[in-house]
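User: Could you take me on a close look at the place where the two chains meet, including any enclosed space there? I would like one connected account.

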Amino acid sequence: MKKILMGNHAVSYGALLSRVEVIAAYPITPQTQVVEELSKMCAQGKLKARYINVESEHSAMAACIAAEQAGARTFTATSSHGLTLMHELLHWAAGARLPIVMANINRSMAPGWSIWTDQNDSLSQRDTGWLQIYCESNQEVFDSIIQAYKIAERVLLPVMVVLDAFVLSHTYEPVDIPEQELVDQFLSKLDYPYKLDVKNPCSFGSLLPPEYYLELRYKMQKAMEEAHDVIIKVDKEYQQMFGRSYGGLVEEYRTEDAELVLVASSTVASTARMVVEQLRDEGVKVGMIKMRFFRPFPTQEVVNALKGKKKVAVIDRNISYGQGGIFCEEIRSVLYNIDQHERPPVFGYIAGLGGRDITPTTIREILSHTLKEDKPKENIIWIGVKH
Amino acid sequence: MIEVRIHGRGGQGAVVASKILAVTIFKEGKYVQSFPNFGVERRGAPVTAYTRIDNKVIFLRCKIYNPDHVVILDPSLIEAINITEGLKEKGWVIINSDKEPSHFNSLLKKYRVATVDAHSIALKHGLGSKANPIVNTAILGAFCKTTGLFRLSSLLEAVREEVPAAQERNVQAVEDAYHQVKY
């Protein structure tokens, strides 16, 4: 059934239909409606889950870790300072190989105090071992929550589903909500293999001497590598069952004969589709790749899509201070080892930090600049900075 | 694509109005997107909400800068903010006011103006208080009649589904405004 839902409620419905069993969350703008709706669903008995009120996001993740370790399908949602307060426990959740799913509403870090979108909160969790999915529509948000559980529970790593503050979180649009029975067929009940069991007592998270630690980390990396194929498989299964697919880790859009390829993520990729169409109508051979997954990084897909192209322009709504746009740096890195003659120059643009609107005009400006220059003159090309 | 901007004050229901508008048009098989001005809202302070309408999937995800029409829930906003900023020429300005459209002379040079006394209609049906009548549903009745973008029956259905309380009184307010709007 199609409903008009705000992005935050698309998250709640995703958790509802995934039949989560434990929710521990702390409200924060712009995530609040996610947990308001979930607590309402629990109170009305629509969702048979234990809803745990906690005093901070750090505690929320601690409760999720314990619940998941006990074998319950667990959910939480947060944003910005809430996510960064969890940071320590994000490492724990992944290190303990717990398939927790969390929604994060991208909101800029203070100061200056901001409630608007950019990706620095989630991207600064890059090395915690969480998979990250960046969504461009409320439908994708809903679908990604369900996909996330299937992926997480297969590779035993946690997944973060990420959506833009306001541009998705507070935007209402049609979302197709499938029947519960179909979702149940797609996503079976969690059977966590390492759960707390009084009949088989184990110790969790104990002291690990140097003789063993390295191997656990090796296995985490192997699980991330395995996730690559799992993501593609789950996306295909999802398409068979529900008729919607997101291309797995990345989506190529009109790249086949493109000379210039734009790389975008989140809602910027959505607006960019329009601009690509307009420029195509004007005879410019431009395409786009939408980076849906950031972790695991879709190395092979990016190489295949970009090798041999004339130019690449990356839009980053984030920054790693002292280096540049985070997507851009990772893209340059995976292109480094390909044949020099096939390696396109990569232009790195930073735009839209702190929720500064990214309009079709912004994207056009980026593409025009890339078309005009032979090579990037600077590591970062800033868009819209007022001097 | 048609883009609509709704101006109100915090507490008047501008955001809910933009959602009801989206639900109404979705019922007629079109694509919709509605969202509040991205920001913090305070009771009484100016609030803006937006709705996009199209026959195909809407990929555009940024604010609305050049609306086709604007809806004004509180006439005092006309003095306080630039309600026609970016408004396309010949666009409708639909104002909650007991005045005739001709009263808004300066607007009539570039735009079309419609007025409806949503304030009195809301009070007649007991929506909100005298100091703070809830006019968001009534003004949509006026919007429906003036622009002809959707059927009254779809709007009434959406109001019944989306308004959290006093659904029938809201429906009556919509119908009154639909019949009483001047343009």
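Analyst: Happy to. A cavity here is a set of grid points where a 1.4 Å probe fits but cannot get out, and its lining residues have an atom within 4 Å of a point. Please keep in mind that this is a predicted model.

With that rule, there are 2 cavities of 30 Å³ or more. The second largest, with a volume of about 30 Å³, is lined by A:Val167 and A:Thr171 together with B:Gln33, B:Phe35, B:Phe38, B:Arg52, B:Arg61 and B:Cys62. That lining divides into 4 nonpolar, 2 polar and 2 charged residues.

The largest cavity has a volume of about 40 Å³. A:Val167 and B:Arg61 appear in its lining too, alongside A:Thr267, A:Val268, A:Thr271, A:Arg317, A:Asp357 and A:Ile358. Here the split is 3 nonpolar, 2 polar and 3 charged.

B:Arg61 is worth following further: it forms a salt bridge with A:Glu173, with the closest N and O atoms 3.1 Å apart. The count of salt bridges between chain A and chain B is 1, and 9 residue pairs are in polar contact across the two chains. On the chain A side, strand 1 (2–6), strand 8 (172–176) and helix 10 (266–281) each give two or more residues, and helix 10 of chain A gives the most, with 5. That side comprises 11 nonpolar, 7 polar and 5 charged residues.

Stepping back to the whole contact, 23 residues come from chain A and 17 from chain B. Together the chains bury about 1900 Å², 67% of it on carbon and sulfur atoms. In chain A, A:Ile4, A:Tyr172 and A:Asp357 lose the most area to chain B, together 30% of what that side buries.

Notes:
Residues numbered from 1 in each chain as written. Chains lettered and ligands numbered in written order. Predicted model: local features only at pLDDT ≥ 70, side-chain atom pairs only at ≥ 80, totals over all residues. Heavy atoms only, no water. 1 Å grid on protein atoms, 1.4 Å probe; cavity = no way out; pocket = protein on both sides within 12 Å on 5 of 7 lines; lining within 4 Å. Points joined across faces, edges and corners; volume = space filled by probe spheres on them. Nonpolar A, V, L, I, M, F, W, Y, C, P; charged D, E, K, R; others polar. Contact = heavy atoms within 4.5 Å. Buried area = accessible area lost by both parts, 1.4 Å probe. Salt bridge = Lys/Arg side-chain N within 4 Å of Asp/Glu carboxyl O. Polar contact = N/O pair within 3.5 Å; in protein donor to acceptor, adjacent residues only side chain to side chain. Helix = DSSP H or I, 4+ residues; strand = E, 2+ residues; numbered from the N terminus.
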